[in-house]
Amino acid sequence: MLEPIGLDERDEAVYDALIRRTRATVAELAADCGLTPRAAARVLRSLVDLGLASAGRERPVRYAAAPPDSALEAVLREREQALNGVRSRVADLMSLYRAGSNFAHPGDLVEVVSGRDEVNRAWTQMQRASRTQVRGFDCPPYAAAAGHREPNPVELELLSRGVKYRVLYDSSVLEMPGWLEDVTTGIRLGEQARIATGLPTKLAICDDRVAMLPLLRPGDDSVTASYVVHPSPLLDALAALFEAVWERSVQIRPSVPPVVGGLPERLSPDEEKLLTLLASGATDKAAGRSLGWSERTVQRHITKLLRRFGAQTRFQLAMEATRRGWI
């Protein structure tokens, strides 16, 4: 529990025993923790150095525990100051690294990661190392077995820590069952999501530090190898490609219940999903596959919505939904 501040299990056991006793000798604490007196004395000296305990002047020496709230808070502040110093040093080191990378051997700027597990591991590590933002193209094929798209738990964790995610989804994902629920969860936690048609490749860029894109061979139905691109003109070009496609893509906005006359009008969950899919550019066929409906069922629901809100065309329905803030 206290390992982050430099205490191992034995240190913590002695500290806990001292807290319970408030004051104790080396022999008493050694007996409590099953340690030799020499080992207990060594731990107590460490606790004194950290400010978590103090040694009296009597003989035998009795050690007293410092109040845990103030003592531990002081240690935490000291560790935070040290970490802040490391963070500031990282920026300097990265400047040196980028400068050196400009003259590195070309083979050092791009590496190949092979094997589905290795690709997934590298992707996870890249995300966890991100500090500001992750950008990406999301389209088939996927690294998961059988080519199925799976949720990204690391993204949800990093969104809660303030890392920004901007994701461009290829329009083909609109046909995937469960995709809408997955992306809606991310959007509600802060993901910025857009739809584009014909994305050229799957791509991920973490900060402006590293990128990953798949190494695909004809007939591949899942990602089993990827390029990892380090700071270089190629990485700059991939970032520029992302921004260019992002600017001309369509934003995904989860549908929300409309308000009529100051009161929320009830939309069924299926209607909310259908409106979101239609606003994202899904065809009747794609919406049907995503929702598990036939095309006729999709058309019947659309006709019902048109009549319900007085729209003559789907375009008018989309405009009205946008105007009222439903999507």
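The following exercises, each with a worked solution, concern the structure shown above.

The model is predicted: local features require pLDDT of at least 70, side-chain atom pairs count only at pLDDT 80 or more, and totals for chains, interfaces and linings use all residues. Residues are numbered from 1 along each chain as its sequence is written, and side-chain values use heavy atoms, with hydrogens and water left out.

**Exercise 1.** Determine where Ser226 lies and whether Ser226 is buried or exposed.

*Solution.* Step 1: Ser226 belongs to strand 10, residues 225-229. Strands (E, at least two residues) and helices (H or I, at least four) are DSSP runs numbered from the N terminus. Step 2: the relative accessible area of Ser226 is 2%, so the residue is buried; buried means under 20%, exposed over 50%, and partly exposed in between, with a 1.4 Å probe and protein chains only. Step 3: leaving aside residues up to four places away in sequence, Ser226 touches Glu111, Val112, Val113, Val119, Met212, Leu213, Pro214 and Leu215, contact meaning heavy atoms within 4.5 Å.

**Exercise 2.** Analyse the length of helix 6 and the placement of its buried residues.

*Solution.* Step 1: helix 6 (residues 116-128) has 13 residues, and at 1.5 Å a residue should span 18 Å; the end C-alpha atoms are 19 Å apart, which agrees. The expected span is 1.5 Å times one less than the number of residues. Step 2: Val119, Ala122, Met126 and Gln127 are buried in this helix. They cover an arc of only 135° around the axis and therefore lie on the same side of helix 6; the arc is that of the directions from the helix axis to the C-beta atoms. Step 3: Asp117 and Gln125 are exposed on the other side of helix 6. Step 4: the buried residues of helix 6 pack against several elements, including strand 4 (110-114), strand 9 (210-214) and strand 10.

**Exercise 3.** Identify which parts of the chain are tied together by the salt bridge between Glu157 and Arg128.

*Solution.* Step 1: a salt bridge is a side-chain nitrogen of Lys or Arg within 4 Å of a carboxyl oxygen of Asp or Glu. Step 2: in the pair Glu157 and Arg128, the closest N and O atoms are 2.9 Å apart. Glu157 lies in helix 7 and Arg128 in helix 6, so the pair ties together parts that are 29 residues apart in sequence. Step 3: Glu157 is partly exposed, at 31% relative accessibility, and Arg128 is partly exposed at 38%.
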